[in-house]
Amino acid sequence: MSKAKSKVTVAIHKLTSCSGCQLAFLNQGKALLSLLEIVEFKHFIEAGVYEPDAKVDLAFIEGSVSTPEDLKRLQEVRNNAKLLVSIGACATSGGVQALRNLADGDVWKRGVYPHPEFIATLDTSTPVAEHVKIDFELWGCPITVQQIRHFVQQLTLGTLPQPEMEKLCMECKRQQNVCVVVTRQAPCLGPVTRTGCGALCPEFGKACYGCFGASEQPNARSLANRFSGLGLVSEEVAQRFAAIHSHEPAFKAQVEHWQGLSVREIE
Amino acid sequence: MTTKARKINLKVPFVTRLEGEGALELTTKGNDIDKLHLKIFEPPRLFESFLQGKSYKDVPDLSARICGICPMAYQLTSIQAMETLFGVQLPEHIIRLRRLMNLGEWLQSHALHIHFLAAPDIYGFDSALQMAGEYPEFLQRGMLIQEAGNSLMTLLGGRSVHPVGLQVGGFTKLPNAEKWLHCLTLVEHALPAAKQLVKWSSELELPDYSHDFLCVSLKGEKAFPINSGDIQISNGLVITPAQYPEHFKEHQTRHSTAFYSLLDGHDYLVGPLARMNNSFHLLHEDVKQVAKEYGLKFPNQNMHTSIQARALECFSALHESLGILQQGLPEGEANVAYDIKAGECHFCTEAPRGLIYHYYDLDDEGKVLKCSIIPPTSQNQARIEKDLHFSVKQFGLDKSDKELKYFCERIIRNYDPCISCSTHFLDFKRIQK
């Protein structure tokens, strides 16, 4: 049992999520084996390591707070970790399940479950930062292997990385992709979305749907107006922003604004 | 027995090494099982509600988020359901590329399951991470296969978790030659590793608690089925996806938030072993030859051979992928045009861990009025409980809690339940009355 004292102890916890962000650890290939030389996983259920109450140097948290149990667990995780890092859309903005925040969650629950009374759930799905102090956030749906690698690398140098908040458009231009808004009149969220995915959707000839969340200084209202100019009716404009990060304030403002418009139009 | 009923409440940690989290509660009375519940506490994410009102175009990107381990299965099932409704006729090369991407998803999921989740049981470790020091080659072999699978998904979808390339009518873009060749190299390297994996799986000393159960999978005509066809049941019944709701009914119980699905009132199996049992004869001759060489026999009723079914599917998937890649990068359009139509549609595909069923009712603008999504885990849930019931009794209730827990976990893991489309687990709880 050679256990170097200097290894960083790590826990990976999951609240309400699809487990896709944890895969960024298991999908690393051989790099995972070298990662094991510098970190020791204390809790990582998907990899079979179980010690939920372990005190650790670093805890990653995936998933949103959508049940009373989530909330309780999150508080315990915070107390047991020196550094707490939220990973993925669910943890950073409430995720796709935060769409319920815009609706009457109870009615929705009745729509899916014949016995909603068996289900213990909160009315909303919220990001972890609304409940506890967070030391760093890795945005993305899903986060990437590169984000994890960069983060751990910076940490071993004794610092937290600079948050990546640049607009997707910048990365897209550097890749010399053809702009899908200009050439296809596609309602691309690139101008207001955080970089990090590698500008995948435009590269694939598709409009960005904002899975990395809002960028720095997002001029979402102006982009939404542009979508309207491209011929989208107001409900469609609202739907563009009501996808993966509907609870993120800049996107939520547009959902509420354009949804309201469509109701007035109908009236 | 005149002594007062004794109640022992034991709490044993999570059933770990599931993708997601689950838990088991076992209540025994003397030598009988009083109650046995696989508990799945799914924080409800209400997909079927929030998809209502969404455009059919947005459905694949949203439904993918049900599961990070088999996102493509959710995307493709919804896309193909809508293509059925719209009457989209796909050219051969698009069908071939979708199959290639599907094979990639099977590969990455199976490789993850075998090497990270199941192998520690076999080598007597708590986790794959602990195995890294002693069995690095074993894990590296797994990573080689996993990487080949991920590369195929990335080739056609940009990334392996929540890929972006699929759409109604085909793909948003066809891959380029450089990436195609990169995949070819990875698949070539992984193929001998997968053959070794089949050999390895054939040498395992697997427990045998064979018993009768129904196997449900897609029905293939010429090839091993993955993303098209009717549904076949091992009792001889064949139905179309549209007839699914007539035969398969879901119900909810107090102890679990995942639904239970029953086929005409019976539990049933979906997944790799169900596929092998129903369609072994459709595998490529080379694959059958490898199975024969290492003495793998399908059909069989031993759930513990699921790991062999997965290993053989890995070899088969790589073998077929290599064939597709060697044909060269297809030319032609990335997608075909279609007209939106209103109406109902049903479709089933084979996710890595079993059959997925999707149903949509769309209006004339292509907006979702109603939908239903039945993942493999809720289909297997009743079967897992039945299996546990049968096997645990055979194993012996006089065994220690530790032995029982380990035994039950291993049985549950055979099904590779993707409880992330569900849960927060609880814990293994045994109550002796």
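In this predicted model, His245(A) is placed in the loop that runs between helix 11 (234-241) and helix 12 (249-266) of chain A. With a relative accessibility of 1%, His245(A) falls under the 20% limit and therefore counts as buried. Apart from neighbours within four places in sequence, the residues in contact with His245(A) are Ala89(A), Thr92(A), Ser93(A), Trp139(A), Gly210(A), Cys211(A), Phe212(A), Gly213(A) and Phe251(A). One of these, Gly210(A), stands 35 residues away along the chain, yet its C-alpha atom and that of His245(A) are separated by 7.4 Å. Two polar contacts involve the side chain of His245(A) and the backbone: the backbone oxygen of Cys211(A) is reached at 2.9 Å, and the backbone nitrogen of Gly213(A) at 3.2 Å.

The largest nonpolar core comprises 186 residues, and those with the most contacts inside it are Phe41(A), Phe60(A), Phe241(A), Leu312(B) and Tyr360(B). Helix 4 (residues 92-123) of chain B contributes the largest share of this core, namely 14 residues. A second core, separate from the largest one, consists of 16 residues, among them Leu214(B), Ile231(B), Ile239(B) and Tyr244(B). Around Phe60(A), once neighbours within four places in sequence are left aside, the contacts are with Val10(A), Ala11(A), Ile12(A), His13(A), Phe25(A), Val85(A), Ile87(A), Ile148(A) and Phe151(A).

Between the two chains, 59 residues of chain A are in contact with 64 residues of chain B. The size of an interface is often expressed as the accessible area that is lost when the parts come together. For chain A and chain B the buried area is about 5300 Å², with carbon and sulfur atoms giving 65% of it. Across this interface 3 salt bridges are found, including the one between Lys179(B) and Glu203(A), in which the closest N and O atoms are 3.1 Å apart. In addition, 17 residue pairs are in polar contact across the interface of chain A and chain B, both residues being at pLDDT 80 or more.

On the side of chain A that touches chain B, at least two residues each are supplied by helix 1 (23-26), helix 2 (31-38), strand 2 (39-44), helix 3 (68-80), helix 5 (105-112), helix 9 (200-203) and helix 11. Helix 5 of chain A provides the largest share of this side, 4 residues. Divided by class, the side of chain A that touches chain B holds 33 nonpolar, 14 polar and 12 charged residues.

Notes
Residues are numbered from 1 along each chain as its sequence is written. Chains are lettered from A and ligands numbered from 1 in the order in which they are written. This is a predicted model: local features need pLDDT of at least 70, side-chain atom pairs count only at pLDDT 80 or more; totals for chains, interfaces and linings use all residues. Side-chain values use heavy atoms; hydrogens and water are left out. A nonpolar core is a set of buried Ala, Val, Leu, Ile, Met, Phe, Trp, Tyr and Cys residues joined through side-chain atoms within 4.5 Å. Buried means under 20% relative accessible area, exposed over 50%, partly exposed in between (1.4 Å probe, protein chains only). Contact means heavy atoms within 4.5 Å. A polar contact is a pair of N or O atoms within 3.5 Å; within protein, one must be able to donate a hydrogen and the other to accept it, and residues adjacent in sequence count only if both atoms are side-chain atoms. Buried area is the accessible area (1.4 Å probe) that two parts lose on being put together, summed over both. A salt bridge is a side-chain nitrogen of Lys or Arg within 4 Å of a carboxyl oxygen of Asp or Glu. Ala, Val, Leu, Ile, Met, Phe, Trp, Tyr, Cys and Pro count as nonpolar, Asp, Glu, Lys and Arg as charged, and the others, Gly among them, as polar.
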